[in-house]
Every structure is written in C-alpha cells, then in structure tokens.
Amino acid sequence: MPQKEEVEHLIKTCETGKDSVAAFSRSIDDFSAVVEELPAVARPLVRRDLQANSGMSADEWTTFLERLGARYGTIYDAARGVAEALDEANDGKVAKATAALKDAAAPLVESADVAAEQMQTMEAYLEGLPAKINMIPDAFLKADAREGLVSSMPGYTERARAVKELLNETKEVLSSVIAG
Amino acid sequence: MVIYMEDSNATISEVLANLQSIFSGVESLGKAVEFGDKVAVPIYQFNFGTGGGGGGGGREKRTNDAVGFGLAGTIGPVAVIILEKDVPGPGGIHIHEFKANKLGEALAELMLRLWNMVESQIGGRTKLSAEKKEKLMNI
C-alpha cells in the first residue's frame, strides 16, 4: 500500500510539473512568434537549426509539451484519488485507485527517460543559442533582429532544465508510490 | 513574331500565361567558382516578359485580321554568395547583392543548402529516432 507522504509528494510534483511544462511551452511559443517576425531569409534558417539541433521542430515541441502537461494532469487526478482512498482507510478502494494511477502513469514511466534525454538536448541547445545567433552575419540577420531574438530568450535554459529534473523526479516518486 | 489566324486569342493567351508562369522571376544558382580560400556562387534571375495584340483592317469584303505576340527576356546576376573555406560556421558566409531586389524565399532556400553544407562540416546535428519521437508524442 502506498504511503500518504509519498502520494502527497507525487501530487506536489505533478502540480510543479504542470506549471513547469506550461512555462516552457510558453517559451517555445514566444520563440516561434519572434522567429515569425524575422526576415524571410533568416526565418527558415532558425527553424531548421532548432529542428536539427534539438531533434524536433517548434510544432513538434509544442505537441510534445502539450501531451506532457496533459499527462501530468491525468497523473495528478489519479494521485488525488489514491490520497482520498488512503484518507478513507479503505484497502479495496486504495488498491483500485493505485491501479488507476498505475494506468495513468504508464506512458510517462515508459517515456520519462527519453523525454528527460530530449529536455537535456534542448537545454544544451538553448544554452549555446545566443552565442550562435550572434555569429550569424548581417547578411542573414540584421543586428536589431538578432538582438530581438536573443533578448526573447531569458530563462529558456532554466525552464528546460526544470522540466528535465521534474521528469526524473516524477519517475522516481511514481516508482515508489506504485511499488508501495 | 506575327501569326495570322482567326479566333485564336484564347489559345495564345493560354500559351502566354504558361510561359510567364514558367519563366518569370526564376532565380537560379550559377556554377561555383573557387579562388584561393574562397568559393563564389552567383545567383541569376530570369525575367521574361510577354505581350500580344491583334487588329483588323482592310476594305469591305477584303478584311485583313491578324494577332501577334512577342517574347523577350533578360538573365542577369543579382547576387553572389562568398564562402570562406577557412572560416567555419555561418561567419564564413557572405552575400553580396548587386542591386536591390527581393529574392525572399528563393534566397532562403539557397541559404538552407549552404547551411546544410556548413553543418555537415561542423557537425552538431541531433538525430531523433522515429521510435523515440513516437514515445515523446505519446507520452
């Protein structure tokens, strides 16, 4: 039977996870909006660079993050069900709620390592992006557009790192709750 | 060129429209030229224009109707891309335009090809397998 503290920890992790994923998703949207305003010559370069170095296009990142956010929501709801069952001290209900939690968490448990690895790739890409953008010659990107692009990215790396760390933490907490 | 014919304006219009759609505003890469530590790739723009007209004349019972069209075009260099062999990354790519023009997406496509060449030399591409991508999209 799962411990109440572990379930509470999982609920908090899911809350933070939803917020972190939403924050990073907004960063991707903001970045895409800035890229759309770039000159026609530079726009596809930046798009292609993101895809080539982060493994996915901006649209694919958005889809992935939407699904991840929704998954955190599903696990959160299921974990709340386990917490309520534990409060009632009803073993049958706890077992049923735990099974529902296991089902809800299965896709994340299965893909958490790949997702964390992907967030690590994105984090590394974002870390080096400002320097890379500043290397683009004026012929491709004028100085003001370059500055606009770089200044649109404060906190991106940290947000990517936060999602990665939460994925690892979620997997760990889920394992102990489900195994318990 | 003048062609004497009757009731052929529609056909001629169609031909002219097709010619214009094929040739107008086409940009093309020229042959790369190496000189020392640099490679120059010229970009040409093709501008084709067409025109046509018709008229009638003559005397009663001896009319003389005709239509005609013309095709003229220019091909000229609009820009040159200079690649510096010893400078890795985008810093080694320069574009020099010969006149103000909007090459827009066509130039962007060219840049992508150059970018790919640079990337293939400096590495850094991250391949994501289809299996991993599927996992991410179904998380």
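In what order do the elements of chain A run from the N terminus on? They run α-α-α-α-α-α. This model is predicted, and the secondary structure of its chain A comes to six helices and zero strands. Chain A has 180 residues, of which 38% are buried. Counting the contacts in chain A between residues at least 6 apart in sequence, 81% join residues at least 24 apart.

The next topic is the core. The largest nonpolar core holds 52 residues, and the members that touch the most others are L10(A), A79(A), V82(A) and V163(A). At least two residues of this core come from each of α1 (4-36), α2 (43-54), α3 (58-88), α4 (91-135) and α6 (156-179) of chain A. Of these helices, α4(A) gives the largest share, 13 residues. L10(A) can serve as an example: apart from neighbours within four places in sequence, L10(A) is in contact with A79(A), V173(A), L174(A) and V177(A). There is also a second, separate core, made of five residues, among them I43(B), A79(B), I93(B) and I95(B).

Between α3 and α4 of chain A lies a loop, and A89(A) has its place there. The phi angle of A89(A) is near 55°, a positive value in a residue that is not glycine. Is A89(A) buried or exposed? A89(A) is exposed, because 8 other C-beta atoms lie within 10 Å, and a residue counts as exposed at 12 or fewer.

After that loop comes α4(A), a helix of 45 residues. From its first C-alpha to its last, α4(A) reaches 62 Å, close to the 66 Å expected at 1.5 Å a residue. The helix α4(A) also has a kink of about 55°, centred on S111(A).

The helix α6(A) has 24 residues, which should span 34 Å at 1.5 Å a residue; the end C-alpha atoms of α6(A) are 35 Å apart, so the two values agree. Which residues of α6(A) are buried? They are Y156(A), R159(A), A160(A), A162(A), V163(A), K164(A), L166(A), L167(A), T170(A), V173(A), L174(A) and V177(A). An α-helix has 3.6 residues a turn, so residues three or four places apart point the same way. The buried residues of α6(A) are covered by elements that include α1 and α4 of chain A. Three of the buried residues listed, V173(A), L174(A) and V177(A), are also in contact with L10(A).

Note on methods:
Residues numbered from 1 in each chain as written. Chains lettered and ligands numbered in written order. Predicted model: local features only at pLDDT ≥ 70, side-chain atom pairs only at ≥ 80, totals over all residues. Helix = DSSP H or I, 4+ residues; strand = E, 2+ residues; numbered from the N terminus. Buried ≥ 20, exposed ≤ 12 C-beta atoms within 10 Å, placed from the backbone. Contact = placed C-beta atoms within 7 Å. Core = buried A, V, L, I, M, F, W, Y, C linked by C-beta atoms within 7 Å. Expected span 1.5 Å × (residues − 1). Bend = angle between axes of the 7 residues up to and from the residue.
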